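Reader: I am a first-year student, and I would like to take a close look at a single part of this structure. Could you walk me through one helix carefully and then place it in the rest of the chain?

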Amino acid sequence: YMHSAKNFCIPVAGAPATGKSTLAQTLSKELELPLLSKEASKEILFNVVEFRSRAEKVIRGQAAFQ
């Protein structure tokens, strides 16, 4: 599959446990596109930057989303 030189994004959204991550991973591989994941960003952020309270955890989650 050859995609054009244009930059584009394929957002995948939906209810929890409906296969969004599986679909996104499949699209990424098949279309040879990078995969950007909010959950992966949050996990890295939580592992690298410690938090001392639930409020700090929520703030870091919001930062990962941004």
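Author: What follows looks at helix 1, then at one residue of helix 3, and then at the chain as a whole. Please keep in mind throughout that this is a predicted model.

Let us begin with the length of helix 1, which runs over residues 20-31. At 1.5 Å a residue, its twelve residues should span 16 Å, and because its end C-alpha atoms are in fact 16 Å apart in the model, the expected and the computed values agree.

Next, we can ask which residues of helix 1 are buried. They are Ala24, Ser28 and Leu31, where buried means that under 20% of the relative area is accessible. These three cover an arc of only 95° around the axis, and therefore they lie on the same side of helix 1. On the other side of the helix, Thr22, Lys29 and Glu30 are exposed, so that one side of helix 1 carries buried residues while the other carries exposed ones. After the helix comes Glu32, and the phi angle of Glu32 is positive, near 55°.

For a second example of a buried residue, we can turn to helix 3, which covers residues 54-65 and contains Ala64. The relative accessibility of Ala64 is 16%, and because the cut-off for buried is under 20%, Ala64 counts as buried. What does Ala64 touch, if residues up to four places away in sequence are not counted? The answer is Lys38, Ser41, Lys42 and Leu45. For one of these, Lys42, the distance along the chain can be set beside the distance in space: Ala64 and Lys42 are 22 residues apart in sequence, yet their C-alpha atoms are 5.2 Å apart.

Finally, let us place these parts in the whole chain, which has three helices and zero strands and, read along the sequence, follows the pattern α-α-α. Its C-alpha atoms fill a box of roughly 45 × 25 × 15 Å along the principal axes. A compact globule of 66 residues would have a radius of gyration near 11 Å, whereas this chain has 15 Å. Of its 66 residues, 14% count as buried, and the accessible surface comes to about 5900 Å², with 57% of that area belonging to carbon and sulfur atoms. Among the contacts with a separation of 6 or more, 25% are between residues 24 or more positions apart.

How values were computed: Residues are numbered from 1 along each chain as its sequence is written. This is a predicted model: local features need pLDDT of at least 70, side-chain atom pairs count only at pLDDT 80 or more; totals for chains, interfaces and linings use all residues. Side-chain values use heavy atoms; hydrogens and water are left out. Helices (H or I, at least four residues) and strands (E, at least two) are DSSP runs, numbered from the N terminus. The expected span of a helix is 1.5 Å times one less than its number of residues. Buried means under 20% relative accessible area, exposed over 50%, partly exposed in between (1.4 Å probe, protein chains only). The arc is that of the directions from the helix axis to the C-beta atoms. Contact means heavy atoms within 4.5 Å. The radius of gyration is taken over C-alpha atoms; the globule rule is 2.2 Å times the number of residues to the power 0.38. Accessible areas come from the Shrake-Rupley method with a 1.4 Å probe; for residues, only the protein chains shown count as cover.
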